[in-house]
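The following paragraphs lead the reader through one structure, from a single residue outwards to whole chains. Please keep the sequence and the three-dimensional view at hand while reading.

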Amino acid sequence: MGSQMAAISQADVVASLQDVGLSHDGGEHFVLRHVSLTLARGEFVALLGPSGVGKSTLLRVLMGLMHPTEGQTGGAACAPASGKAHATRRSRAMVFQDARLLPWRSVLGNVMFGLEGLHLNKSEKKARAQEALRLVGLEDAADRLPRRLSGGQRQRVGVARALTVAPDLLLMDEPFGALDPITRTSLQEELQRIWQQTHKTVLFVTHDIEEALRLATRVVVLAGGPPAGITGEIILDMPERNPDTPAFRTYAARLRAMIAGEPDPGGEAYWRSAEI
Amino acid sequence: MSRKLSGSVRLGLGLAGLVLFFGLWEAAVQSGLLPSGMVPAPSALGPAWLDEVRGGFWQQAILDSLHHYLLGLFIGSVLGAGLGILCGMLDLLDGLLEGIVRLLRPVPGLAWVPFAILWFGLSTAGATFVIAISVFWINFYAAHSAVKSVDPELYELASAFGHGSFVGRLFKIVLPASAPGIMAGLRTGLGQGWMSVVAAELFGVPGIGARMMQASSLLATDVVVVYMLTMAMLYAITDFLFGFVRKWVLRWQP
């Protein structure tokens, strides 16, 4: 998959999919097919595509919540990291579009949800959860119930809950899709800051080209179908993530073409799956 | 009237309604509108109650019935809610039991009395059994539908964070998420339990129900009403106390 991918050593691969296909009816109709994707340590990959194309499904395959009908998945599996009995972290964590907080737990309790069952004592769990809340700027809301939070705050708790299990791979399913534009922009900036601090490997699902270009180091386009496949990818090289710059607009035009399945309007060549 | 009444106004209205009810009742009996042999006057209830207390019957009946009630309530609630939760979570078990449930559900607690006598005799166990059965179904259905209506996305959340096992789902998701429905079932069962106390004691196990039957066979209607009111009071007390438990368990709710 391109020269840049070949350069990645096996140790740096956090997760991979090889020729993955997914069917909900046992192989008659495929939602996704011939999808290959490798995520290298420290990357921020945006998985871009139109609504309903199967991005969330692909994310769930990576999370281990769904099993591919064909093809292989690689990298450490989900739940108590690497299957070690004394694990203190999980290899993968997920942020959902609808925050999905437990209404009966406080903010702190929600963040500690993923820590329960790990080999940590109570004070360690609490300290880890509080640290994650600090990272998302909600340390003062630890005792509040989710219903007392705004939509943006809820989403931050979801991010903290995922970060606190110290995952190798952070999977984010359109986490800011349901927020108002102002909250959305501020959370995007915050996510950028957190990513620069933690250097987590992130796969971020979105249908918003601008959001992908603001956040990612690499954008992978999932389109076409069904079955949908990866129609192209761009490694972003932008010093400044400003939508008004020519570089940003060129990238946006190329991504639009990839989504629509049209020829590349210019710039360097991009990889294209054989299937589409 | 679009504005909601305040709590104290409501309470006052309720008391006024009660006073009015007993006043009209007393007047109807005193004026001869209601024959006193058929309906006791409210003023006759106090002396009747005092007689029962002096004889020690009242206290003993309450203790006996409370014993049946609490035991039957506990057994019926735990088994009913427990099986309801399991059936709600496990489709296989749910399917297996569906026919049996449909068969047994319409049988009222009273209909089990012959078997209660046969199996347990005129004993605490027999009365407990009848109460437990009627409480069981209420809790079974309440817990079953509460678990069935748990948002499936919460199961996905549990799986994503390492709690996808049966035990993890049960304790991290199902129990807290279905607690409002389960608590509603327990509360309904609390009332149903008192209602079935009479049925459970009809056949002679001592208690409030048995005392009522004795009194009615002697046409001592005032004593019957005393025990009717006693039962209402006991129900009010248990419901009031349960209110605290419910509030504490569901303290996260608005």
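The starting point is A:T57, which is placed in helix α2 (residues 55-63) of chain A. The structure is a predicted model, and the values that follow are computed from it. A:T57 counts as partly exposed, because 19 other C-beta atoms lie within 10 Å, while 20 or more would be needed for a residue to be buried. Neighbours within four places in sequence set aside, the contacts of A:T57 are A:L22, A:V31, A:L32 and A:M66. A further point of reference is A:P68: eleven residues separate A:T57 and A:P68 in sequence, and their C-alpha atoms are 9.8 Å apart in space.

From this helix one may turn to the chain that holds it. Chain A comprises eight helices and nine strands. It has 276 residues, of which 43% count as buried. When contacts in chain A between residues at least 6 apart in sequence are considered, 70% of them join residues at least 24 apart.

One strand of this chain deserves a closer look. Strand β3 (residues 44-48) of chain A is largely enclosed by the rest of the structure, because five of its five residues are buried. The burial extends to both faces of β3(A): A:F44, A:A46 and A:L48 are buried on one side, and A:V45 and A:L47 on the other. Which strands pair with β3(A)? One partner is β7(A), joined to β3(A) in the parallel sense over five bridges; within this pairing, A:L48 has A:T206 in β7(A) as its bridge partner. Another is strand β8 (residues 218-223) of chain A, which runs parallel to β3(A) and is joined to it by four bridges. In that pairing, A:R218 of β8(A) stands opposite A:V45.

Residues of β3(A) return in the account of the nonpolar core. The largest such core has 125 residues, and A:V45 and A:L47 are among those with the most contacts inside it, together with A:V111, A:L203, A:F204, A:V221 and A:L255. The element that gives the most to this core is helix α6 (residues 124-148) of chain B, with 15 residues. As for A:V221, its contacts beyond four places in sequence include A:L48 and A:G49, a run from A:I230 to A:E233, and also A:L255, A:M258 and A:I259.

Two loop residues of chain A show an unusual backbone angle for discussion. A:R100 has a phi near 55 degrees, a positive value in a residue other than glycine, and is placed in the loop between β5 (92-95) and α3 (107-112) of chain A. A:H199 likewise has a positive phi, near 50 degrees, and is not a glycine; its place is the loop between α6 (181-198) and β7 (201-206) of chain A. Are these residues buried or exposed? A:R100 is buried, because 21 other C-beta atoms lie within 10 Å. A:H199, by contrast, counts as exposed, because it has 12 C-beta neighbours inside 10 Å.

At the level of domains, the assignment for chain A gives domain 1 (1-76 + 169-276) and domain 2 (102-167). Their C-alpha centres lie 27 Å apart. Between them, nine residues of domain 1 of chain A are in contact with seven residues of domain 2 of chain A. On the domain 1 side, β6 (169-173) and α6 of chain A are the elements that give two or more residues, and α6(A) gives the most, with three. By class, this side has eight nonpolar residues, one polar residue and no charged residues.

Chain B is likewise assigned two domains, domain 1 (1-39) and domain 2 (42-249), and 30 Å separate their centres, taken over C-alpha atoms. How many residues of chain B are in contact with chain A? Eleven residues of chain B are in contact with 14 residues of chain A. Helix α7 (residues 152-160) of chain B supplies the largest share of the chain B side, five residues. That side divides into six nonpolar, three polar and two charged residues.

It remains to consider the confidence of the prediction. For the complex, the predictor gives an ipTM of 0.84 and a pTM of 0.83. Chain B has a mean pLDDT of 90, and 99% of its residues reach 70 or more. Among the elements of chain B, the lowest mean pLDDT, 86, belongs to helix α5 (residues 113-120) and the highest, 94, to helix α3 (residues 57-89).

Notes. Residues numbered from 1 in each chain as written. Chains lettered and ligands numbered in written order. Predicted model: local features only at pLDDT ≥ 70, side-chain atom pairs only at ≥ 80, totals over all residues. Contact = placed C-beta atoms within 7 Å. Core = buried A, V, L, I, M, F, W, Y, C linked by C-beta atoms within 7 Å. Domains from an automatic or database assignment. Nonpolar A, V, L, I, M, F, W, Y, C, P; charged D, E, K, R; others polar. pLDDT = per-residue confidence, 0-100. Pairing = 2+ DSSP bridges.
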